[in-house]
Amino acid sequence: MVKAYELRDMAKEDLLKTLGDLRKELSELHVAKVTDGAASKIAKIKSVRKSIARVLTVHNQQQKEGLRKACAGAKYMPKDLRMKKTRAMRRALTKSERTKKTHKQKRMEAAFPKIKFAVKA
């Protein structure tokens, strides 16, 4: 069983080589299962599948990190690298958009300022 922290130190080529080895081992285990192999081999299928998933996860994380570095200074970022949030949050007005006032609002505020009343204590 491979550990994720060990995989993170590997280069891309090593990861892909490990992935190939694990897939080959998995296919051999499936053959052993069909041909009434030992129970230990059948039990090992699960751990090999999980190891393949770990390798793929680390590989995908490295790919995404490389893309993030490549797009760091760009004006636009690919959609899969943007913040997910929620649909409503993505469409909400920004702070600067919220504080802007229309020409009519500005005119009305100038013509009719808020009246301050003194409250007697």
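1. Let me start with a pair that is easy to find: Lys17 and Asp21 join their side chains in a salt bridge, 3.9 Å from N to O. Both residues belong to helix H2, which covers residues 12-34. They sit 4 residues apart there, about one turn of the helix. Lys17 is exposed, at a relative accessible area of 57%, while Asp21 is partly exposed at 44%. Please keep in mind that this is a predicted model.

2. Next comes a bridge between two helices. The side chains of Glu25 and Lys44 meet in a salt bridge with an N to O distance of 2.7 Å. Glu25 lies in helix H2 and Lys44 in helix H3 (residues 39-70), so this pair ties together parts that are 19 residues apart in sequence. Glu25 has a relative accessibility of 22% and counts as partly exposed; the cut-off for buried is under 20%, so Glu25 falls outside that class. Lys44 is partly exposed too, with a relative accessible area of 39%.

3. How many salt bridges does a search of the whole structure find? The search gives 3. Besides the two pairs above, there is one between Glu109 and Lys101, whose closest N and O atoms are 3.0 Å apart. Glu109 is partly exposed, at 43% relative accessibility, and Lys101 is partly exposed at 41%.

4. Now for two buried residues, beginning with Thr18 in helix H2. Its relative accessibility is 16%, so Thr18 counts as buried, the limit being under 20%. Which residues does Thr18 touch once its neighbours within four places in sequence are set aside? Thr18 is in contact with Met10 and Val55.

5. His59, in helix H3, is also worth a look. This residue is buried, with a relative accessible area of 14%. Setting aside neighbours within four places in sequence, His59 is in contact with Lys12, Leu15 and Leu16. If you display His59 and Thr18 together, you will have a buried residue of helix H3 and a buried residue of helix H2 in view.

6. On the surface, I would point you to a patch of positive charge. Lys79, Arg82, Lys84, Arg87, Arg90 and Arg91 gather in this patch. One of its members, Arg87, is found in helix H4, which covers residues 87-91. Is Arg87 buried or exposed? Arg87 is exposed, with a relative accessible area of 56%; the cut-off for exposed is over 50%, so Arg87 passes it.

7. A backbone detail deserves a comment as well. Lys85 is not a glycine, yet its phi is positive, at about 50°. Where is Lys85 found? Its place is the loop between H3 and H4. You may like to look at the backbone of Lys85 in the display when you reach that loop.

8. My last point is about a separation. Lys50 and Lys95 are 45 residues apart in sequence, and their C-alpha atoms are 45 Å apart in space. Lys50 lies in helix H3 and counts as partly exposed, at 45% relative accessibility.

Technical notes:
Residues are numbered from 1 along each chain as its sequence is written. This is a predicted model: local features need pLDDT of at least 70, side-chain atom pairs count only at pLDDT 80 or more; totals for chains, interfaces and linings use all residues. Side-chain values use heavy atoms; hydrogens and water are left out. Patches are made of residues with over 30% relative accessible area and no salt bridge: like charges are joined within 9 Å, nonpolar side chains (Val, Leu, Ile, Met, Phe, Trp, Tyr) within 5 Å. Accessible areas come from the Shrake-Rupley method with a 1.4 Å probe; for residues, only the protein chains shown count as cover. A salt bridge is a side-chain nitrogen of Lys or Arg within 4 Å of a carboxyl oxygen of Asp or Glu. Lys and Arg count as positive and Asp and Glu as negative; His and the chain ends are not counted. The place of a charge is taken as NZ of Lys, CZ of Arg, CG of Asp or CD of Glu. Buried means under 20% relative accessible area, exposed over 50%, partly exposed in between (1.4 Å probe, protein chains only). Contact means heavy atoms within 4.5 Å.
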